[in-house]
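Opening the notebook on this one. I want to see how the pieces pack before I do anything else with the file.

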Amino acid sequence: MADNLFDKLLEDTIALYQVKFGDKPQIIVRAPGRVNLIGEHTDYNGGYVFPMAIERYTVIAASPNQDGVAKIYSDATKELATFQLDANAQPAAKVRWSSYVQGAISCSIEKGAHTSGFNAVINSNVPLGGGLSSSASLEVAVATLMEKLSGVKWNPTDKPLLCQKAEHVYAKMACGIMDQFISALGQKDCAMLLDCRSQEPKMIPMTDPAVSVLIANSNVKHSLTGSEYPERRASCEEAAKRLGKTLLREVTMEELLAAKDKLVDEKNGDRLFRRARHAVGEDVRTLKMAEALVAQDWKTVGEQMYASHDSLRDDYEVSCPEIDVLVEIAREIGMQGGVIGSRITGGGFGGCTVSLVFTDKVEQIAKIYSQKYREKTGIAATIFSTRPAQGACVLQG
């Protein structure tokens, strides 16, 4: 099924390029979205994350032109944008889809990927706004195209780091490194245990065909004021400072519990303590789950996933009623019904859950999710299964 979806995406992208530019593309690249199995809101604390690339992709079809500029058409927005090939291009005042593209182009050039003009079409089946990293998929796909067009050969971590910089500067989002790392460097049939402090990825095999990843998109994204992510990041930084550390990664749970009084005050109550308890505990859960996954200890895997969700709901407060419904449905189905574990994935306040399930029960579980979620919320969820996918690559050219 996943192969059929990609074949259709590729076919549509090539056809669209021919319509927009009148010939066949010389180069085709793709970069995947991602789901995070566990390790949420730990990246900016220098902790561990455990993502995998998914079988949903951003595809770019392109050819050099003689115009000295990049002309790029987005199928998602039905817009053609023109970009100067300039490492010092000024970010637009308002962030749009083109901001991610401009950032990836400019940061690629800054990193040595000099090229003449080109035409390109961007197409994607990574869900937008679902916490599956459509933005990083777009950035990494653009950088992969720039690498191919210029002939430059970067070190493995160069591409994800320049894409992170593009998002910081041009999209004005102070993201961590996880999304760009897994989209650029993911490997088929592997998850990535990424140490966000050392920036060292370790591939963890997920080769057992009896287990699949089921993603349920709640199709809800609650309206936020824009302060939620900065507040949580600032709370973690303040907690680390009060504990005499640079990052919460440096704090053990024993140290945190012993120093609770340093994090509780009249202004914040126990909010700083709870934010820190999530970050410190999530690192422990992430390492435990990675170890249990290798051992195929599904009971421990499930326990870590559910504990992660509970912490994100109660201590970090980034879940929402609809997501909680999806996780409770998973708990009700249980291991006997084929669900190993489930949790919210992504930044929160809506988006998706990720569940590990037994492959022979995927269709049955998806039907139960759909039916019960609609009964309890009145909303139709979008549900699909995936295997760990390959990271960014050149398909043609």
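**H3 against H5**

I started where two helices meet: Ala136, Ser137, Glu139 and Val140 of H3 touch Asp179, Gln180, Ser183 and Ala184 of H5. Note to self: this is a predicted model.

Next I looked up the geometry of the pair. Two packed helices are described by the angle between their axes and the distance between the axes. For H3 and H5, the axes come within 9 Å and cross at roughly 50 degrees. That angle makes H3 oblique to H5. I also checked the hand, and H3 passes H5 in a right-handed crossing.

**H5 on its own**

How many of the residues of H5 are buried? I counted eight of eight, so I have H5 down as mostly covered. The buried residues are Met178, Asp179, Gln180, Phe181, Ile182, Ser183, Ala184 and Leu185.

**H4 against H5**

H5 (residues 178–185) also has H4 beside it, with the two axes coming within 8 Å and crossing at roughly 140 degrees. Roughly parallel, antiparallel, perpendicular or oblique? Antiparallel starts over 145 degrees, so H4 and H5 go down as oblique to each other. Their crossing is right-handed.

For the residues in this interface, I listed Lys159, Pro160, Leu161, Cys163, Gln164 and Glu167 on the H4 side. They meet Gln180, Phe181, Ala184 and Leu185 on the H5 side.

**Gln164**

I stopped at Gln164, which sits in H4 (residues 158–169). Is Gln164 buried or exposed? Its relative accessibility is 14%, and since buried means under 20%, Gln164 counts as buried. What does its side chain reach? I found the backbone oxygen of Cys175 at 3.2 Å from the Gln164 side chain. Setting aside neighbours within four places in sequence, Gln164 is in contact with Cys175, Gly176, Ile177 and Gln180.

**Strand E1: Ala31 and Pro32**

I moved on to strand E1 (residues 27–36), where Pro32 lies. Pro32 has a relative accessible area of 1%, so it is buried. Its contacts, without neighbours up to four places away in sequence, are Ala53, Ile54, Arg56, Tyr57, Ser137, Ser183, Gln390, Gly391 and Ala392. I also pulled one C-alpha separation: Pro32 and Val140 are 108 residues apart along the chain, and 8.6 Å separates their C-alpha atoms.

Ala31 is in strand E1 too. Its relative accessible area is 0%, so Ala31 is buried. Outside the four places on either side in sequence, Ala31 touches Arg56, Tyr57, Thr58, Ser137, Val140, Ala141, Ser183 and Ala392. For Ala31 and Glu55, 24 residues apart along the chain, I got a C-alpha separation of 9.7 Å. Ser183 turns up in the contacts of Pro32 and of Ala31, and it is one of the H5 residues that meet H3.

**Nonpolar cores**

Then I went through the cores. The largest nonpolar core has 58 residues, and those with the most contacts inside it are Ile60, Ile72, Val101, Ile105, Phe118, Val142 and Leu145. Which helix gives the largest share of this core? It is H3 (residues 134–150), with eight residues.

I took Val101 as a sample: beyond its neighbours within four places in sequence, Val101 is in contact with Ile72, Phe83, Ile122, Leu138 and Val142. Apart from the largest core lies another one of 28 residues, including Leu37, Trp298, Ile340 and Cys352.

**Positive phi**

Last look-up: residues other than glycine with a positive phi. Ser133 is one of these, with phi near 65 degrees. Ser133 sits in the loop between strand E6 (118–124) and H3, and at 8% relative accessibility it counts as buried.

Gln296 is another non-glycine with a positive phi, about 55 degrees. Its loop runs between helix H8 (271–295) and helix H9 (298–314). Is Gln296 buried, partly exposed or exposed? With a relative accessible area of 42%, Gln296 is partly exposed.

Methods
Residues numbered from 1 in each chain as written. Predicted model: local features only at pLDDT ≥ 70, side-chain atom pairs only at ≥ 80, totals over all residues. Heavy atoms only, no water. Core = buried A, V, L, I, M, F, W, Y, C linked by side-chain atoms within 4.5 Å. Buried < 20%, exposed > 50% of the residue type's maximum accessible area, 1.4 Å probe, protein only. Helix = DSSP H or I, 4+ residues; strand = E, 2+ residues; numbered from the N terminus. Contact = heavy atoms within 4.5 Å. Polar contact = N/O pair within 3.5 Å; in protein donor to acceptor, adjacent residues only side chain to side chain. Axes fitted to C-alpha atoms, helices over the stretch in contact; angles between N-to-C directions. Parallel < 35°, antiparallel > 145°, perpendicular 65-115°, else oblique. Left-handed = near helix turned anticlockwise from the far one by under 90°.
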